[in-house]
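This report describes a structure by its contacts, cores, sheets and domains. The sequence and structure come first.

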Amino acid sequence: MKMRIAKILTLSPSIAKFTLQPVSGALPVAAPGAHVIVEIPGPTRIWKNAYSLVSSPEDRGQYEIIVRRVEHSRGGSAWLHGHASAGDVLEVSAPQNLFPINRLAKKHLLFSAGIGLTPFLAYLHTLNAPFELHHLCKPEDEAAFRSLLPNAANITLHTSRNALDLNALLAAQKLGTHLYLCGPDNFMRVALATAQTLGWPDAKIHQESFGGATGGEAFTVHLQRSGLTLEVAPEMSLLETLEAAGLAAPCLCRGGACGECELPVLSGLPDHRDHVLTPERRAANASILTCVSRALSPELVLDF
Amino acid sequence: MSKSRPIYAPFKLDLAGKAHLIVTNQPEVPEREAALANIEIWTVQTIAPGVQAPIRDNTRAFRAVPELFTHLAHRLSRAATGLRLYAIGTESFIWDAHNIAMAAGLSATEIHLTQSGPLVRRVIVPQNIVTCPGCGAALFVRDHFSRRLAGFMGVKVDAETPGQIPAAEVFVS
């Protein structure tokens with residue numbers, strides 16, 4: 001869909017809200033938790049980044065996304081912050097929802113860090129059961145996030161990690177509570193491990209984390225079926241490299257959250273950076289999520 | 001076997017859980033598990049009509065299944081996440097326990113069911129014929145199990161021609 005940037009609202013030096021309106025027609029309904037892929041034109045290439053929608057699911061006239069300028073960004077968020085202006089037209093995918101609200105929950109415990117708050121801003125429009133939201137952020141971002149949240153007793157901002165006793169919070173939840181996690185890798189790992197240690201079943205832990213494609217060492221990929229050998233440059237993802245070679249590689253969220261882009265690994269050692277593969281499947285090294293994961297070995301051979 | 005018939009795994013503790021509650025309507029309780037600290041076992045055992053067996057350590061006996069279920073619902077409404085529930089017993093007992101647990105907010109992965117004891121079938125309503133104790137209708141018992149109602153389906157056997165009832169087979173449990 002072609003969408004025009006209607007408004008850019010700067011919330012802090014590194015956080016801005018973009019209002020996107022369709023160039024023509026009405027927008028598809030997007031349930032809370034949905035994201036879109038925005039194609040961002042760079043000087044030498046196009047970036048495809050996933051952003052959660054924060055606008056009301058009822059709103060068919062516009063989508064709102066919140067973009068953080070990523071330090072050492074490979075390009076996408078820096079362009080949106082530095083070069084985009086109202087009136088620009090971007091290609092935006094139809095919304096996909098990999099992070100829906102579980103409607104059987106008796107209570108929702110929402111736990112986010114940094115820009116991971118964004119899907120929960122959409123949740124707030126429609127939550128049907130009691131909820132509690134805890135958000136961790138840096139002190140310099142506090143004002144920006146506070147401006148996005150209603151002032152309510154069940155919504156708490158924490159500006160230092162010590163301010164929240166996560167173990168006590170999770171240990172005190174009754175059986176009908178579902179936990180939702182969204183934030184950077186490290187945050188996700190700690191929160192998930194704490195919940196699992198307390199006996200939380202996977203069925204009640206919902207998580208989404210985008211943006212693991214931070215680049216890394218260059219490596220070579222051999223594609224057995226296509227008969228191609230490609231170099232994955234440090235600032236390119238494996239998926240982007242496949243696409244640049246004209247291959248129709250599977251993908252959906254482009255952020256290591258959905259598992260759609262998984263390809264079988266025939267040899268080589270993947271550097272798993274996704275949130276999909278179980279520890280057993282990671283250890284097996286039999287597949288790789290091309291959108292975020294890279295290689296620990298100089299070469300990978302894929303069945304593709 | 002019809003697709004509606006559940007398949008049960010043998011009893012085994014789910015070690016991902018932090019606390020464990022076992023409910024059973026059978027006389028045998030898992031002895032080895034009874035010795036563990038974070039496990040409670042609830043049974044229905046009487047030493048005389050209406051007198052439950054004494055409570056010992058982590059085992060608690062109720063006078064009857066409905067009493068056990070009333071306490072179960074109350075207990076689950078207060079329990080913290082991390083609890084695993086195990087129901088061991090007849091098919092109708094374990095699915096009643098399952099449905100109480102689901103209503104309390106447990107997910108399927110936190111509930112473990114083990115079928116044990118007589119293979120008696122609770123009949124809800126269309127290879128066998130029973131007489132409904134409520135209305136006296138002759139019912140044909142289908143091999144169809146309802147997890148929601150924790151019972152088998154019975155269909156009025158003479159619905160087409162009232163009074164024409166084939167001879168019933170004897171069902172031995």
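Leaving aside residues up to four places away in sequence, B:Leu83 touches A:Leu175, B:Gly17, B:Ala19 and B:Leu21; two residues are in contact if their C-beta atoms, placed from the backbone, lie within 7 Å. This is a predicted model, in which local features need pLDDT of at least 70, side-chain atom pairs count only at pLDDT 80 or more, and totals for chains, interfaces and linings use all residues. Residues are numbered from 1 along each chain as its sequence is written, while chains are lettered from A and ligands numbered from 1 in the order in which they are written.

B:Leu83 lies in strand 6 (residues 83-89) of chain B. Strands (E, at least two residues) and helices (H or I, at least four) are DSSP runs, numbered from the N terminus. B:Leu83 counts as buried because it has 22 C-beta neighbours inside 10 Å. The cut-offs are 20 or more other C-beta atoms within 10 Å for buried, 12 or fewer for exposed, and in between for partly exposed, with C-beta atoms placed from the backbone. From B:Leu83 to B:Ser4 the C-alpha distance is 28 Å, with these positions 79 residues apart in sequence.

Chain B as a whole has three helices and ten strands, in the sequence pattern β-α-β-β-β-β-α-β-α-β-β-β-β. Of its 173 residues, 31% are buried. Its contact with chain A involves 15 residues of chain B and 15 residues of chain A. On the chain B side these are seven nonpolar, six polar and two charged residues; Ala, Val, Leu, Ile, Met, Phe, Trp, Tyr, Cys and Pro count as nonpolar, Asp, Glu, Lys and Arg as charged, and the others, Gly among them, as polar.

The domain bounds, which come from an automatic or database domain assignment, divide chain B into domain 1 (19-115) and domain 2 (121-173). Four residues of domain 1 of chain B are in contact with five of domain 2 of chain B. The domain 1 side of that contact has one nonpolar, two polar and one charged residues.

Chain A has domain 1 (2-97), domain 2 (107-208) and domain 3 (219-302). The centres of domain 1 and domain 3 of chain A, taken over C-alpha atoms, are 26 Å apart. Six residues of domain 1 of chain A are in contact with five residues of domain 3 of chain A. On the domain 1 side, strand 3 (34-41) and strand 4 (46-52) of chain A each supply at least two residues.

Next come the nonpolar cores, meaning sets of buried Ala, Val, Leu, Ile, Met, Phe, Trp, Tyr and Cys residues joined through C-beta atoms within 7 Å. The largest has 74 residues, and A:Leu53, A:Ile65 and A:Leu110 have the most contacts inside it. Strand 3 of chain A gives the most to this core, with five residues. Apart from it lies another core of 26 residues, among them A:Leu175, B:Leu83, B:Trp95 and B:Leu113. A:Leu53 has contacts beyond four places in sequence that include A:Ala30, A:Val36, A:Ile65 and A:Ala122.

Two open sheets of chain A are listed below; strands pair if DSSP finds at least two bridges between them.

| Strand order | Strands | Pairing |
|---|---|---|
| 14-13-19-15-17 (chain A) | five | mixed |
| 10-9-8-11-12 (chain A) | five | parallel |

In the mixed sheet, strand 14 (228-232) and strand 17 (287-289) of chain A each have a single partner strand, so one side of each is left without a neighbour in the sheet. Strand 13 (residues 219-223) and strand 19 (residues 299-302) of chain A run parallel and are joined by four bridges. A:Leu223 has A:Leu302 in strand 19 of chain A as its bridge partner.

In the parallel sheet, the edge strands are strand 10 and strand 12 (205-208) of chain A. Six bridges link strand 8 (residues 107-113) to strand 11 (residues 177-182) of chain A in the parallel sense. A:Leu110 stands opposite A:Tyr180 in strand 11 of chain A. Strand 10 (residues 155-158) of chain A holds A:Thr156. A:Thr156 is partly exposed, with 14 other C-beta atoms within 10 Å. Its C-alpha atom is separated by 6.2 Å from that of A:Leu133, 23 residues apart along the chain.
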